[in-house]
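Let's take a walk through this model together, beginning at the ligand and working outward. Have the 3D view open as you read.

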Amino acid sequence: MTTPALARHLIDGELLGEPMKERANPARIGEIAVLSPSGTPADADDAISAAVAAQPQWARTPLPARGAILLKAAELLRERTPQVAADLVREEGKTIGEATGEVGRAIGVLQFFGSLGWASTGSTFSSALPGTTITTRREPIGVVGLITPWNFPIAIPAWKAAPALISGNAVVLKPAELTPMSATHLAVALHDAGLPHGVFNVVHGGGRVVGDAIARDPRVTALSFTGSTTVGLGLEKTLQTRRARVQLEMGGKNGVLVIDDADARRAAQVVSAGGFSLTGQACTATSRVYVTPGIHDEFLDALAEFAGNYTPGDGLDNASTMGPVVSDDQLQRDVSAVQQAIDGGARLLTGSADSDGLRFAPVIAIDVEHTAPIATEEIFGPVVAVIDVPDYEAGLSALNDSAYGLTAGICTTSLKYSSDFADRVQAGVVKVNRPTSGLDLHVPFGGIKESSSNTFREQGHSATQFYTWEKTTYIGTE
Ligand code: UN1
């Protein structure tokens, strides 16, 4: 038995709150991974007040000095990686390799946005009027709220917080209740790096209590959210009512089209990595595959073989190649989606509707109808539905016939089909011969349809647009 990690709020530079709420390790029944405080609306109010007080001075801090703090926080997280990654595994469940990769990604994000401390923040134009110069600059939007999910418990808080901070905003973060420790590590690294008190605050607790308090507060001028479509659309209403800016990254039902000219083993590797890495618990995970007849059998044989490489177990055990499902609730969703598919006439090529505790082996469902729930509804587990299609055109149109539009992929060796797919597929991110999940940290990310708010992108330089507004200045020089 390891002793539980202790998560705390960070409010105005102080670690606060009695860590009472238990989060069990999903891989070890009966072991408490973390204790965290349950925040109240009053805690959210204190954090927002601290942010409001700290933000103007932070915005006046020279940009290179702001960047240097983010770079220092990256360095501290690098030194602390073994501890941070192990705590992440204990609270979320992913494998130690995946967790170490995720901490590395948070470090990379802090480095990327830290380096923007030395980047240009605007443009200069020659005016149509004589003796006049026009400049543009981006100014911070103020105090931003961040609400983040459990599946990337340090990377997502980092990729929302870093562009907000480098742009001169103050932040109030509410991390997922299941994973309070990873966000606490991020907060402590920023604090130890010298971020002034109140510029970055974390309040743990429930979405209905702390999340709603942040969303409703008129002092919070923008809110960035990653999580379910239902919660996201509710928050959007709240924010729009008070005309605050909102950014939503929500569900996905990411499809891959595998056509005859693909390399079957390569396609199977791409689909299994997209479907089963991270226990399928990514909004970018592959969950439906459309396959044409000429490659069908060879592809499915290879896919079953690759699925066999994912052995669910304790993420801290090097023999595990897949972590457990995050919670009982999530397991119920996985199990009932698979059972419903079987009842609807699908067959399972691998896996079953059974689990060993929270260990749930990869499921490949075949003979699936294009309109079946397993092919249309987000599950968020290691479940891939295979749908047979007669040809490329039918596959593309079935893939596009979805409420979601986050990521999509094609496996092909044809330049013609890959470029046509990139043109016509309805998704914010397109992957050719690469898994639908797994994103580079320096390029824009976001979806269309019910996957995203359709406005601002996350990640890369584009991410700063959400956290700033553009000011245009005309300067008469004579
Ligand atoms: C990835 O695929 O590397 O919550 C990241 C999620 C997404 C991020 C996916 N917002 O799963």
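Start at Gly438: one of its backbone N or O atoms lies 2.8 Å from an oxygen atom of the ligand. Keep in mind that you're looking at a predicted model, so treat each distance here as a computed one. Right next in the numbering, Leu439 also has a backbone N or O atom by a ligand oxygen, this time at 3.1 Å. Then swing over to Cys283, where a polar backbone atom sits 2.6 Å from an oxygen atom of the ligand. How much of the ligand does the protein bury? On its own the ligand exposes 320 Å², and the protein buries 98% of that.

Now zoom out a little to the shell. The ligand is surrounded by 13 residues, and the closest are Arg105, Asn151, Cys283, Thr284 and Gly438. By type, the shell splits into seven nonpolar residues, five polar ones and one charged one. As for the room the ligand occupies, that space is the largest cavity.

Which parts of the chain supply the shell? Both domains pitch in: at least three shell residues come from domain 1 (5-250 + 452-476), and at least three from domain 2 (254-432). Those two domains are how the chain is divided, and you'll notice that domain 1 is written as two stretches, 5-250 and 452-476. Measured out between C-alpha centres, domain 1 and domain 2 are 31 Å apart. Their contact takes 22 residues from domain 1 and 24 residues from domain 2.

Technical notes:
Residues numbered from 1 in each chain as written. Predicted model: local features only at pLDDT ≥ 70, side-chain atom pairs only at ≥ 80, totals over all residues. Heavy atoms only, no water. Near = heavy atom within 4 Å. Polar contact = N/O pair within 3.5 Å; in protein donor to acceptor, adjacent residues only side chain to side chain. Areas by Shrake-Rupley, 256 points an atom, 1.4 Å probe, with all protein chains shown as cover. 1 Å grid on protein atoms, 1.4 Å probe; cavity = no way out; pocket = protein on both sides within 12 Å on 5 of 7 lines; lining within 4 Å. Sits in = over half its atoms within 2 Å of the grid points. Nonpolar A, V, L, I, M, F, W, Y, C, P; charged D, E, K, R; others polar. Domains from an automatic or database assignment. Contact = heavy atoms within 4.5 Å.
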